[in-house]
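Q: Before I read anything into a model like this one, could you take me through its features one at a time, giving the general idea and then the case at hand?

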Amino acid sequence: MAIHKLRRFVGTIAELVERQPQGFSQESELIDHGLDALRELVSEDDWLPHAYAAPSPERYQQYLLHADARQRFSVVSFVWGPGQQTPVHDHTVWGLIGVLRGAEYAQPYARNADGTLRPHGPEVRLGRGAVEAVSPTIGDIHRVRNAYDDRVSISIHVYGGNIGAIRRSTYPADGPPKAFISGYSNDVLPNLWDLSKESIAS
Ligand code: FE
């Protein structure tokens, strides 16, 4: 497993986040540069340890891969079992999504004047290697699902905060928004830091 690719990616995102207050006038610049780095990360499927690629028959899994020490960003592997989908939900921070394995469908939602939601445009298919972004500025509410009923899909997500600890909302069709905190599926983080194992491979 070429874990150094994840380590390098984490370093790139840390630099972008570090630069944001001074060098980046707008969130869009961070998102653009972050998407470039994520596109490169998901272009090769040879670095995600098996432990963070395991589906559950119960529900989609959200494995924390890295959390910034100051909670400015987090990196998550999102593992879809066949046919699994999220509820309609928001993030409250910027988020980047890149498909590493399989494919997924994302349906964006927009708010009506009365606060209710409507689908915003068609459902978008993200195939292997595709990336997209969400944020309160550019559109933060969506529903996502595995494009396949018979196989696992995996996407890599980056968020502008410690996403597993952020209080946010789901939007049931038949009732008011529900507060939730997603948490993470894993108790143990991948080891990005043992460079001795990679002295030959990389
Ligand atoms: Fe989402």
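The dialogue below goes from the ground rules to the fold, the metal site and some single residues.

Q: What kind of model is this, and how are its residues numbered?

A: This is a predicted model, in which local features need pLDDT of at least 70 and side-chain atom pairs count only at pLDDT 80 or more, while totals for chains, interfaces and linings use all residues. Residues are numbered from 1 along each chain as its sequence is written, and side-chain values use heavy atoms, with hydrogens and water left out.

Q: How many helices and strands are there in the chain?

A: Helices (H or I, at least four residues) and strands (E, at least two) are DSSP runs numbered from the N terminus. The chain has two helices and 11 strands, and along the sequence their order is α-α-β-β-β-β-β-β-β-β-β-β-β.

Q: What radius of gyration would a compact globule with 202 residues have, and what does the chain have?

A: The radius of gyration is taken over C-alpha atoms, and the globule rule is 2.2 Å times the number of residues to the power 0.38. For 202 residues a compact globule would come near 17 Å, and the chain, at 17 Å, agrees with this. The C-alpha trace spans about 60 × 45 × 30 Å along its principal axes.

Q: What percentage of the residues in the chain is buried, and what part of the contacts comes from residues 24 or more positions apart?

A: A residue is buried under 20% relative accessible area, exposed over 50%, and partly exposed in between (1.4 Å probe, protein chains only). By that reading, buried residues are 48% of the 202 in the chain. A contact means heavy atoms within 4.5 Å, and of the contacts with a separation of 6 or more, 73% are between residues 24 or more positions apart.

Q: Which residues are the protein donors of the iron ion?

A: Donors are N, O and S atoms within 2.8 Å of the metal (3.2 Å for Na, K and Ca), and sites may look incomplete because water is not among the atoms. Here the protein donors of the iron ion are His 89 (NE2), His 91 (NE2) and His 142 (NE2), lying 2.1 Å from it, and their spacing in sequence is H-x1-H-x50-H. His 91 lies in the loop between β2 (74-80) and β3 (95-101) and His 142 in strand β8 (residues 141-146), so this pair ties together parts that are 51 residues apart in sequence.

Q: Are the donors His 91 and His 142 buried or exposed?

A: His 91 is buried, at 2% relative accessibility, and His 142 is buried too, with a relative accessible area of 5%. Setting aside residues up to four places away in sequence, His 142 touches a set of residues that includes His 89, His 91, Gln 107, Tyr 109 and Glu 132.

Q: What is there to notice about phi in Gln 71 and Thr 92?

A: Most residues other than glycine have a negative phi. Gln 71, which is not a glycine, has a positive phi near 60°, and it lies in the loop between β1 (61-67) and β2, where it is partly exposed at 47% relative accessibility. Thr 92 likewise has a positive phi, of about 75°; this residue is in the loop between β2 and β3 and is partly exposed at 37%.

Q: Where is Gln 62 placed, and which residues does Gln 62 touch?

A: Gln 62 is in strand β1 and is buried, with a relative accessible area of 9%. Beyond four places in sequence, the residues it touches include Val 76, Phe 78, Arg 168, Tyr 184 and Asn 186. The C-alpha atoms of Gln 62 and Gly 164 are 8.6 Å apart, although 102 residues separate the two along the chain.

Q: In which strands are Arg 125 and Arg 111 found?

A: Arg 125 is in strand β6 (residues 124-126), partly exposed with a relative accessible area of 44%, and beyond four places in sequence it is in contact with Ala 103, Glu 104, Tyr 105 and Tyr 148. Arg 111 is in strand β4 (residues 104-111) and is partly exposed at 47% relative accessibility; with the same sequence neighbours left out, Arg 111 touches Thr 116, Leu 117, Arg 118, Ile 141 and Tyr 171.
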